[in-house]
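Reader: I would like to learn how to read the features of a structure like this one, with the cut-offs stated as we go. Could you take me through them in turn?

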Amino acid sequence: MTQTTPKKPGWLGKSLAYIEAIGNKLPDPLTLFFFFCLAVIVMSAIASALNVSVVNPGNGETIAAVSLLTPDGIRRIVTEAVTNFTEFPPLGTVIVAMLGVGVAEATGLLAALLRQLVLVAPAGLISPTVVFAGVMSNIASDAGYVVLVPLGAIVFLAFKRHPLAGMAAAFAGVSGGFSANLLLSPLDPLLAGLSQSAAQLINPNYEVNATANYYFLAVSTFLVTLVGWYITDKIVEPRLGSYQGEEAALEELSARERKGLRWAGYALLAFVVFVLALLLPPRGILRNPETFTIVPSPFIDGIVFLIAIAFLIPAIAYGKAAGTIRNDKDVAQSMGSAMSALGYYIALAFVAAQFIAYFNWSNLGVITAVSGANFLRATGITGPPILLLFILLTVVLDLFVGSASAKWAVMAPVFVPMLMLIGYSPELTQAIYRIGDSTTNIITPLMPYFPVVVAFGQKYDKNMGIGTLISLMLPYSLSFLICWTVLFFVWLFLGLPLGPGAPMRI
């Protein structure tokens, strides 16, 4: 069993330890999601009996609570259980990505790369590198959760640092800094489209571009990186103490390993050139077949598969050159081993998928979001205080409704027009929404990938539970929220544009 030797805790450490203890007294995550399912079923029946409903601000339709304890609800629970599981968004991402990553690990490619990293990289910059890589991984949609989060742990272990600190740093970047990036992500045009539709309720000619928040979010990338670096090195890792588990090997690479890395590099380069040949031409196959854009495009939609292949092909090349792969059976066995390691997560995903489906069917998530929006609008507060309250409302709602686009589809028609009428641009409203939406992803068990991270952490501490992860991530969440909000109000005070042609006020 893995043990750690923590430093003597201060008040913050004691508070986080208390949160961890309370959280870990909860049942196993699989059991917890089972209870969540039962709770949603009961709450849906109660809400339906009380005729709980709200009016959708986007189309004026009434959204009523739907009971799952009716004959139709029970039939749906029974007949759609398999579909809920197979269509659970993280499931396919995790399995497909791990097919490639598993082969890279089994052949020794990852171990060789990390040992080389240890030999050449400055140890003092590992934390910000991991956080920054996590933030930038958002361009690859959800792939960061299943590639960078476990890789962060491995990198820290290679530097004789606590792997859970590396996992936390990567998770903070991937999820806590979800909206920040130096590049446009698939989320940008999606949110911009919803913002534009909401803005046109006031001004039918108003346009919101996908680059509406680019300047602000690009600067936010460095803010998240710096804050994540500080929290990792000064709060999270000291609290964890020294890691007493198995350490990563740090021997010099053998001649075979160096040869394997060279051939893996050649293979990766060839694959990248091949993908670019399909992407870069103005009418490239991997561009959108109608608009010939890259965002959105088949390239973005298929990024998880491409990442899996980007691990698989170099792994095979490495294995053949280094002598760790003899034939195709070794490759197939490596894939099978990677899938067997996902056994617990697959069981957990089945129950979590049912809970999320029940929550959607009952309309409880949408009702919660609309009710919160109506409450904030009813306060009558204006000016910067309303912007702060809007961020805090988004934070609260993110604990219950994880999807950024689903929440914005409900909130945008309320808040974009409301803030336009007091002089704030739709681009501004979208920017502050993204602050609140990102910062609490890492502390809510209702976020679909939260169980995935718990499962990754159990590789290094088999007693790790929901409480452990929440206590690890809470300092990141609060720090990101405070610092990101301060950055926004400084931006507002200076009157800087949020993106190309995107003012703060109208």
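Reader: Is R434 buried or exposed?

Author: Buried means under 20% relative accessible area, exposed means over 50%, and partly exposed lies in between, with a 1.4 Å probe and protein chains only. R434 has 0% relative accessibility, so R434 counts as buried. Before we go on, note that this is a predicted model, in which local features need pLDDT of at least 70 and side-chain atom pairs count only at pLDDT 80 or more, while totals for chains, interfaces and linings use all residues. Residues are numbered from 1 along each chain as its sequence is written, and side-chain values use heavy atoms, with hydrogens and water left out.

Reader: Where is R434 found, and which residues is R434 in contact with, leaving aside neighbours within four places in sequence?

Author: Helices are DSSP runs of H or I with at least four residues, strands are runs of E with at least two, and both are numbered from the N terminus. R434 is found in helix α20, residues 426-439. Contact means heavy atoms within 4.5 Å, and, leaving aside neighbours within four places in sequence, R434 is in contact with S179, S185, L187, D188, L191, N213 and L217.

Reader: How many helices and strands does the protein chain have?

Author: The protein chain has 22 helices and four strands, and buried residues make up 53% of its 506 residues.

Reader: At what angle do helix α9 and helix α11 pack?

Author: Axes are lines fitted to C-alpha atoms, for helices over the stretch in contact, and angles run from 0 to 180 degrees between N-to-C directions. Helix α9 (residues 163-176) and helix α11 (residues 214-240) pack at an angle of about 140°, with their axes 9 Å apart. The contact is made by L164, A165, A168 and A169 of α9, together with T232, V236, E237 and L240 of α11.

Reader: Which residues are joined with R161 into one network by salt bridges that share partners?

Author: Side chains of opposite charge can pair when their charged atoms come close. A salt bridge is a side-chain nitrogen of Lys or Arg within 4 Å of a carboxyl oxygen of Asp or Glu, and the structure holds six salt bridges. The side chains of R161 and D233 meet in one of them, at 2.8 Å from N to O. That pair links distant parts of the chain, with R161 in the loop between α8 and α9 and D233 in helix α11, 72 residues apart. R161 also forms a salt bridge with E237, where the closest N and O atoms are 2.6 Å apart. Since R161 lies in the loop between α8 and α9 and E237 in helix α11, this pair ties together parts that are 76 residues apart in sequence. Salt bridges that share partners thus join R161, D233 and E237 into one network. R161 and E237 are both buried, whereas D233 is partly exposed, with a relative accessible area of 25%.

Reader: What is the phi of K160?

Author: Most residues other than glycine have a negative phi. The phi of K160 is near 60°, a positive value in a residue other than glycine, and K160 is placed in the loop between α8 (143-158) and α9. With 56% relative accessibility, K160 counts as exposed. N51 also has a positive phi, near 55°, and is placed in the loop between α2 (29-49) and β2 (53-55).
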